[in-house]
Amino acid sequence: MSGKKAAVLVGVLAVIAAAGGAGYYFRNEIKEMIPFLQDGSPADKVYVEKVSRVMNQYSGVSNRYNGTVESQETYEINVDSSRTIGKIMVEEGDLVEEGQTLVTYDTSDLKMQIQQINLEIESINNDIDNYNKQIDMTAKEAEKLPVEERFTYETEIQSLRNSISQKQFDLESKKLEISKNQTQINNSSLVSKVSGVVKTINEKGTDEYGNAAPFMTILQTGDYRIAGSIDEQNVWTISEGQQVLIRSRVDSERTWDGVITLIDTENPRQGDNNYMSSDSDTQTASKYPFYVELDSVDGLILGQHVYIELDLGQQETKEGLWLYGSYIVQDDGEPYVWAANDKERLEKRYVTLGEYDMEKDEYEILSGLTVSDYITWPMPGLYEGVVTVTSEAEVDYSSPLYNQEPREMGDDLYDVDPGMTDDMGGTEWTDDMGGTEWMDDMGEGVMMDDPEMPENTDASDGEESDADAGVMPLSAGEAEVEE
């Protein structure tokens with residue numbers, strides 16, 4: 001090879017080497033300029049959500065409980081167990097007025113009894129008439145005899161008079177019996193003493209749990225309240241005096257304000273939800289009723305079903321874009337969020353913050369983000385270039401991103417970029433002082449004060465060795481720089 005050609009070749013190689021070194025040094029900038037270089041591990045995917053949806057989910061959302069509009073007062077109706085129900089005149093849910101007939105008794109037996117008693121009264125009256133006739137006849141016979149011989153007749157007359165007295169007593173008893181039966185007939189209807197809504201009708205006399213219950217209950221029209229129930233696992237999450245929001249099931253924008261006035265833990269109700277106890281026995285969870293007093297009842301209907309929510313300020317509206325604080329990273333002094341770019345890759349999206357709502361932990365976003373952007377929660381180990389998906393079913397939680405090795409003691413000084421490796425497969429770590437640690441496939445590494453690519457190579461090539469450069473091999477979890 002001629003000297004000229006050799007010189008040209010050396011020059012070309014020098015240019016390639018220089019370009020390679022510069023390319024390595026500016027690798028992060030190059031990655032940002034060339035989108036396809038931002039790809040991370042093919043298995044790593046992260047789920048992103050629209051900002052507008054994130055805020056709908058996290059701003060003031062609380063547990064919901066089913067509730068029913070009921071009256072502050074409940075009117076109970078009980079029937080005479082000794083009597084037979086003739087007809088129930090209303091149904092559950094019916095509106096009733098004061099004085100309206102609710103239930104009628106069967107009076108057919110009473111009427112038959114009265115007829116029978118009237119026959120007995122007629123017989124008694126006949127007996128009394130016969131006794132009076134016998135008295136008259138005996139008295140006439142006695143008048144024909146001398147006074148000293150009338151004793152037998154007088155004794156017979158007295159006996160007849162006693163029989164009449166007994167019959168008259170029986171007659172009065174029968175008349176009282178008729179009067180009693182007639183009273184029951186006249187009172188064979190049960191009427192409502194209040195206006196309201198029929199809540200329950202219980203012909204068995206017991207509720208679904210076997211407890212004694214009134215035959216009928218009516219929710220009196222007037223001041224309303226909301227009756228809800230909560231299971232035993234969550235009953236301690238609410239308290240009396242707590243502000244709540246009542247939301248219509250039909251129109252979610254229609255709400256009423258209220259406060260919990262009573263949590264009735266003294267009267268649990270057995271629910272239909274089963275749960276497993278620690279000893280693996282299936283048990284039935286109890287539910288406890290609680291009641292809400294309303295500031296206003298306008299627009300509510302007795303018996304209406306509603307939702308009960310704890311009032312966390314979800315009705316308050318703010319102008320602009322507000323984002324939950326846990327989505328914003330501020331470790332490096334420049335706040336950013338992890339957002340999906342137009343290449344469906346994860347990137348750090350720097351934002352300008354405005355006001356802060358301490359109560360809700362929300363920041364006002366002045367610039368850098370819109371409600372139509374997609375973001376993810378900043379979990380540990382995220383890096384730019386991760387594939388973003390809008391369906392959580394596409395995320396493989398067995399991928400390296402979600403199964404990172406625990407870091408050694410002292411590793412909190414390093415910020416790892418898992419997408420950057422050297423030519424030999426080693427991984428670069430950078431500490432807060434600008435030093436760079438290179439970890440090879442065997443788990444060994446060195447710490448360089450200069451953040452650039454280490455210049456030391458194999459001593460057999462005539463370059464400086466590690467010992468000459470004053471660099472010591474690192475053991476796992478250590479980073480020591482020789483003075």
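This briefing walks through the overall build, one pocket, the salt bridges and two loop residues of the structure above. The model is a predicted one. Its protein chain contains five helices and 27 strands. Of the 483 residues in the chain, 31% are buried.

**Overall build**

- Among contacts in the protein chain with a separation of 6 or more, 64% are between residues 24 or more positions apart.
- The chain has an accessible surface of about 30600 Å², and carbon and sulfur atoms account for 48% of that surface.

**The second largest pocket**

- Rolling a probe the size of a water molecule over the atoms is a handy way to see where empty space is left.
- For the second largest pocket, the volume comes to about 1500 Å³.
- Several strands each give two or more residues to the lining of this pocket, and they are E3 (64–71), E4 (74–77), E9 (196–201), E10 (216–220), E11 (224–231), E14 (269–276) and E15 (282–294).
- In total, 41 residues line the second largest pocket. If you want to find its centre on screen, look for Glu70, Lys199, Thr200, Glu208 and Arg269, the lining residues that lie nearest to it.
- By character, the lining is made up of 13 nonpolar, 16 polar and 12 charged residues.

**Salt bridges**

- The structure has nine salt bridges, and three of them are described here, starting with the pair Arg247 and Glu309.
- In that pair, the closest N and O atoms of arginine 247 and glutamate 309 are 2.9 Å apart. Arginine 247 belongs to strand E12 (residues 243–248) and glutamate 309 to strand E16 (residues 305–310), so the bridge links distant parts of the chain, 62 residues apart.
- Both arginine 247 and glutamate 309 are buried. Through salt bridges that share partners, Arg64 joins Arg247 and Glu309 in one network.
- Glutamate 49 is bridged to arginine 53, with 2.4 Å between the closest N and O atoms. How do the two partners sit, buried or exposed? Glutamate 49 counts as buried because its relative accessibility of 12% is under the 20% cut-off. Arginine 53, at 41% relative accessibility, counts as partly exposed because that value falls between the 20% and 50% limits.
- Arginine 349 and glutamate 347 also meet through their side chains, in a salt bridge of 2.8 Å from N to O. Arginine 349 has a relative accessibility of 16%, and therefore counts as buried, the limit being under 20%.

**Two loop residues to look at**

- Most residues other than glycine have a negative phi. Glutamate 344 is not a glycine, yet its phi is positive, at about 60°.
- Where is glutamate 344 found? The residue is in the loop between strand E18 (336–340) and strand E19 (346–350). Its relative accessibility is 52%, which is over the 50% cut-off, so glutamate 344 counts as exposed.
- Glutamine 330 is in the loop between strand E17 (321–324) and E18. With a relative accessible area of 37%, glutamine 330 is partly exposed.
- Which residues is glutamine 330 in contact with, leaving aside its neighbours within four places in sequence? These contacts are Pro335, Leu353 and Tyr363.
- Measuring from C-alpha to C-alpha in the model, you would find glutamine 330 and tyrosine 350 9.9 Å apart in space, and they are 20 residues apart in sequence.

Methods
Residues are numbered from 1 along each chain as its sequence is written. This is a predicted model: local features need pLDDT of at least 70, side-chain atom pairs count only at pLDDT 80 or more; totals for chains, interfaces and linings use all residues. Side-chain values use heavy atoms; hydrogens and water are left out. Helices (H or I, at least four residues) and strands (E, at least two) are DSSP runs, numbered from the N terminus. Buried means under 20% relative accessible area, exposed over 50%, partly exposed in between (1.4 Å probe, protein chains only). Contact means heavy atoms within 4.5 Å. Accessible areas come from the Shrake-Rupley method with a 1.4 Å probe; for residues, only the protein chains shown count as cover. On a 1 Å grid over the protein atoms alone, a cavity is a set of points where a 1.4 Å probe fits but cannot get out, and a pocket is an open set with protein on both sides within 12 Å along at least five of seven lines; lining residues have an atom within 4 Å of a point. Grid points are joined across faces, edges and corners, and a volume is the space filled by probe spheres set on the points. Ala, Val, Leu, Ile, Met, Phe, Trp, Tyr, Cys and Pro count as nonpolar, Asp, Glu, Lys and Arg as charged, and the others, Gly among them, as polar. A salt bridge is a side-chain nitrogen of Lys or Arg within 4 Å of a carboxyl oxygen of Asp or Glu.
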